[in-house]
Amino acid sequence: MMMPENHRLKMVGKTTPKLVKWDNSPASEVYFVADPKAFQGIAVKPQEAETPWNRRLFQNGDKLILDFGETLVGSLKMRLAPGNPSADSPTRLKIMFAEYPLEIVDTSEFHGLLSRAWIQDELVNIDDLPCEVTLPRRYSMRYLAIEVVATPKKLIFEDIQFQAQSCVKELLPPKPGWSEEMAELDRTAQRTLRNCMQTVFEDGPKRDRRLWLGDFYLQARANAETFKRFDLVEHCIYFLTAFQNENGVIPSCVFERPQPHPGDMTLTYPMHFASLLLDHLENTGDRKFAEYFFPIMLKQFSCLRGAFENGVLHLSKELGWAFIDWCTFDPVIAVTGVYLHGLHHAARLARKLDHIEDAERLEEEADNISNAARRTYFREDKGLFVTPAGEISYASQIWMVLGEVVTGKAAAEMLRQLRQTPEAIRPRTPFLHHHLLQAYAEAGDFNSLLEHMKAYWGEMLRRGADTFWEVFDPEDEMLSPYNDARLNSACHAWSCAPTYFL
């Protein structure tokens, strides 16, 4: 059982950041129509009305849909008035908050693998009119739909505001010389990151709302190139390391509420802690902070080290969940690469902190595993890493590059060969697509990096994204690892790659 380490848990309380809040008015009144050419088959159209919504009289059964122009995270405030001199009964409203139009339009039976409670809908009763109402919960939304279930005769929505919140508010301007496409990729990625920067780096502000180490590592890198809230990075590091298991391994995620506690465990995420700590040292120069967490960093490899035999990884269900991406494939090569990536970064951190013996031990371990990976999995006839069952995946090649088993021109050639291998299992989420961009960067192929960014993240823009999505397959817009696309996040931490790479 994981138990909190008191000092670090105290530091979590002391380092919690203050949030910035700002009000947002609706950009327009809209309605939705079926359109096979639009994202998920739903087009957003401006509502042409003779009377503006805030001066219109609403009665039982009437609906109002507002577009706030961008996805925001925060709370709803409304000022309501009766449309007649006396209100002789309560008012009842059904309110839906949506990142995607699908969340409002699709009223079919719920079959999701996660809780139905993640769907952002409320039934609100208001006893007295006129009044001002602030809903107590926090939402992530772009679209607001209100249905008047019951009201005394007539109702006026005098004002509706959405109070957004984040650790940061303003987005950085585009760099001189960028094309409009590059500027929009950057703005959208920054907005994605901003919305996830709450009192921790959340993975998704609509659903889950946890600090996940795998997402956090990518967010921290993007933050270093944009908002530079290194205080939030340190707060999250204290939070994760406050809960270690009996082997010193930190959880893959933590919850803030109702009290701080650890969540799920995936074998791959602790491997990113060394990279996170190394990046933080290079970004801040804070050796004391890095030294404090260095012994904890070394312990993270214990969750996988025992699964290697003669340098070859043996995965089993008993070991636990090894997450790489939301697609079905044999992850053994990719997990080996994740482990190697962590070892190399741990060794570099050790050298920067003058722990030379630790660095040499980590480097020797990495060399042994790299040699075993080349002997076991690399197929000269294909120029790719292939599982014993003959499976080829993008994940395997990506992590063999990031794990430095293949480097330089050889890595660039392998990634080129991968693009010409149609049977290769492709990424399904921006999480693995981010690591593909990083693999191109490590191979020195920046043309392919930019081309892929424009093709994948740019396609989200072309389909209407104003924040980048948790799951996106251009061939399957309804793809969901949760069995219901309404549960997918339209604003997700692991999708903010463009602002880092640009």
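In the predicted model, the buried residues of helix 7 are covered by a set of elements that includes helix 1 (6–15), helix 5, strand 12 (243–244), helix 6 (273–284), helix 9 (332–352) and helix 10 (356–377). The residues of helix 7 that are buried are Phe-289, Ala-290, Phe-293, Phe-294, Ile-296 and Met-297. Helix 7 itself spans residues 287–299, and its 13 residues extend 19 Å from the first C-alpha to the last, close to the 18 Å expected at 1.5 Å a residue. The helix is nevertheless bent by about 40 degrees at Phe-293, with a proline, Pro-295, following within four residues. Phe-293, the site of this bend, is also one of the buried residues. At the N-terminal end, helix 7 is capped by Asp-286, a side-chain oxygen of which lies 3.3 Å from the backbone nitrogen of Lys-288.

Helix 5, one of the elements covering helix 7, comprises residues 230–241 and lies across strand 11 and strand 13, running at about 95 degrees to strand 13. These two strands belong to an open, antiparallel sheet of 3 strands, in the order 11-13-14. Strand 11 (211–212) and strand 14 (261–262) each have a single partner strand and stand at the edges, so one side of each is left without a neighbour in the sheet. The antiparallel pairing of strand 11 with strand 13 (residues 253–255) extends over 2 bridges; Trp-212 has Cys-253 of strand 13 as its bridge partner.

A further group of pairings involves strands 3, 4, 5 and 8. Strand 3 (residues 28–34) is joined to strand 4 (residues 42–46) by 5 bridges in an antiparallel arrangement, in which Tyr-31 is placed opposite Lys-45 of strand 4. Strand 3 also pairs with strand 5 (residues 63–82), again in the antiparallel sense, over 2 bridges. Here Glu-29 stands opposite Leu-66 in strand 5. Strand 5 in turn pairs with strand 8 over 4 bridges, likewise antiparallel, and the bridge partner of Lys-77 in strand 8 is Thr-134. The side chains of strand 8 (residues 131–134) alternate between two faces: Cys-131 and Val-133 point to one face and are buried, whereas Glu-132 and Thr-134 point to the other and are not. Thr-134, the bridge partner of Lys-77, thus belongs to the face that is not buried.

Two individual positions were examined in further detail. Thr-192 is located in helix 3 (residues 180–196). Because its relative accessible area is 0%, Thr-192 is classed as buried. A polar atom of the Thr-192 side chain lies 2.7 Å from the backbone oxygen of Thr-188. Beyond its neighbours within four places in sequence, Thr-192 is in contact with Thr-467, Phe-468, Cys-491, His-492 and Cys-496.

Ile-425, by comparison, is found in the loop between helix 12 (408–419) and helix 13 (430–442). Its relative accessibility is 24%, so Ile-425 counts as partly exposed, the cut-off for burial being under 20%. Apart from neighbours within four places in sequence, the contacts of Ile-425 are with Cys-327, Thr-328, Phe-329, Glu-391, Ile-392, Ser-393 and Tyr-394. Ile-425 and Pro-474, 49 residues apart in sequence, are separated in space by 15 Å, C-alpha to C-alpha.

Notes: Residues numbered from 1 in each chain as written. Predicted model: local features only at pLDDT ≥ 70, side-chain atom pairs only at ≥ 80, totals over all residues. Heavy atoms only, no water. Buried < 20%, exposed > 50% of the residue type's maximum accessible area, 1.4 Å probe, protein only. Polar contact = N/O pair within 3.5 Å; in protein donor to acceptor, adjacent residues only side chain to side chain. Contact = heavy atoms within 4.5 Å. Pairing = 2+ DSSP bridges. Axes fitted to C-alpha atoms, helices over the stretch in contact; angles between N-to-C directions. Expected span 1.5 Å × (residues − 1). Bend = angle between axes of the 7 residues up to and from the residue.
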